[in-house]
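Open the model in your viewer and keep the selection tool ready. This tour goes from the whole chain to single residues.

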Amino acid sequence: MLEIQNLSKSYGKNLAVDQVNFTVPDGMVGILLGPNGAGKSTIIKSIAGLLRYKGGIGIQGMSSKTLEAKKLFAYVPEIPAMFEALTVKEHIEFVRKAYQSTITDAELQALLKRFEMEDKQDKLGNELSKGMMQKVSILCALAIKPKVILLDEPMVGLDPKAIKELKEVVVELRDQGTTILISTHMLEMVEGIWDVMFVMEKGKIIGSYTKEQVGDKDLDELFFEMTGGERS
């Protein structure tokens with residue numbers, strides 16, 4: 001479970017996030033939506049531990065700042081970053097050992113195959129395209145077998161096959177009880193896999209919906225109706 005409790009963040013006199021609260025339960029996919037400047041990125045970076053903030057963030061009932069919680073949490077950033085002198089295999093092995101993951105060699109090879117990275121294992125970080133770097137970020141996150149995973153615009157830069165595989169992986173993780181939060185403006189990419197939706201504007205959550213509440217309503221129409229603006 002991911003719990004955001006009275007989260008606030010200011011940059012100088014600018015209040016970017018104002019007393020935000022939301023929860024994504026175990027075994028559910030949440031999506032975070034909002035126009036540019038709504039505070040979405042600030043929330044994402046706060047959850048990932050990249051910003052100081054006021055309020056609380058809970059992971060499986062523990063403060064996100066604790067080592068125990070960090071071991072259960074994985075993060076795929078919008079812009080992947082690689083160690084230039086490490087190979088793909090070494091990136092994954094580094095994360096695997098750092099988190100003392102129980103993932104097996106066979107499970108790792110299966111993931112590499114799914115994302116068509118089997119033959120890229122010996123490539124260095126500075127030899128990879130943005131799409132390949134994104135795949136490595138996803139593989140590293142999956143390698144720790146997280147209980148909570150945050151994906152920030154995860155499908156940008158991926159080829160159609162990788163997008164299909166990622167969507168299938170998200171559904172599999174959900175079915176295994178993993179908590180998933182996806183920040184995206186590509187609403188068509190999360191159609192059919194989301195469970196709860198949070199719409200942001202001007203630093204606040206202005207609407208939250210379950211799939212049952214939305215029914216057959218078009219996500220684009222709902223978003224425009226809520227924000228009266230452009231998707232981000």
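For the charge count, Lys and Arg are taken as positive and Asp and Glu as negative, while His and the chain ends are left out. On that basis the protein, a predicted model, carries 29 positive and 33 negative side chains. The centres of the two sets lie 6 Å apart.

**Whole chain**

Show everything as a cartoon. You should find 9 helices and 10 strands. The C-alpha atoms fill a box of roughly 45 × 40 × 30 Å along the principal axes. How does the radius of gyration fit a compact globule? For 232 residues such a globule would have a value near 17 Å, and the protein has 17 Å, so the two agree.

Now switch on the surface. About 11,300 Å² is exposed, and carbon and sulfur atoms supply 51% of that. Of the 232 residues, 49% count as buried. Look also at how the chain meets itself: among contacts between residues at least 6 apart in sequence, 67% join residues at least 24 apart.

**The cores**

Select Phe-115, Ile-182 and Met-197. Within the largest nonpolar core, which has 49 residues, these three touch the most other members. Next, colour helix 5, residues 130-143. Helix 5 gives this core its largest share, 8 residues.

Zoom in on Ile-182. What is in contact with Ile-182, beyond its neighbours within four places in sequence? The partners include Val-29, Gly-30, Ile-31 and Leu-32. Leu-151, Pro-154, Val-170, Val-190 and Ile-193 are also in contact with Ile-182.

Another core lies apart from the largest one. This second core has 23 residues, among them Phe-22, Ile-43, Ile-44 and Ile-59.

**Helix 1**

Select residues 40-47. Is helix 1 enclosed or open? Of its 8 residues, 6 are buried, so helix 1 is largely enclosed by the rest of the structure. The buried ones are Lys-40, Thr-42, Ile-43, Ile-44, Ser-46 and Ile-47. Step just past the helix to Gly-49, which takes a positive phi of about 85°.

**Asp-195**

Move from Ser-46 to Asp-195. The two are 149 residues apart in sequence and 22 Å apart in space, C-alpha to C-alpha. Asp-195 sits in the loop between helix 7 (187-190) and strand 9 (196-201). Is Asp-195 buried or exposed? Its relative accessible area is 18%. Buried means under 20%, so Asp-195 counts as buried.

Finally, show its contacts. Leaving aside neighbours within four places in sequence, Asp-195 touches Gly-27, Met-28, Val-29, Arg-174, Tyr-209, Thr-210 and Lys-211.

Definitions and conventions: Residues numbered from 1 in each chain as written. Predicted model: local features only at pLDDT ≥ 70, side-chain atom pairs only at ≥ 80, totals over all residues. Heavy atoms only, no water. Helix = DSSP H or I, 4+ residues; strand = E, 2+ residues; numbered from the N terminus. Rg over C-alpha atoms; globule rule 2.2 N^0.38 Å. Buried < 20%, exposed > 50% of the residue type's maximum accessible area, 1.4 Å probe, protein only. Contact = heavy atoms within 4.5 Å. Areas by Shrake-Rupley, 256 points an atom, 1.4 Å probe, with all protein chains shown as cover. Charge placed at Lys NZ, Arg CZ, Asp CG, Glu CD. Core = buried A, V, L, I, M, F, W, Y, C linked by side-chain atoms within 4.5 Å.
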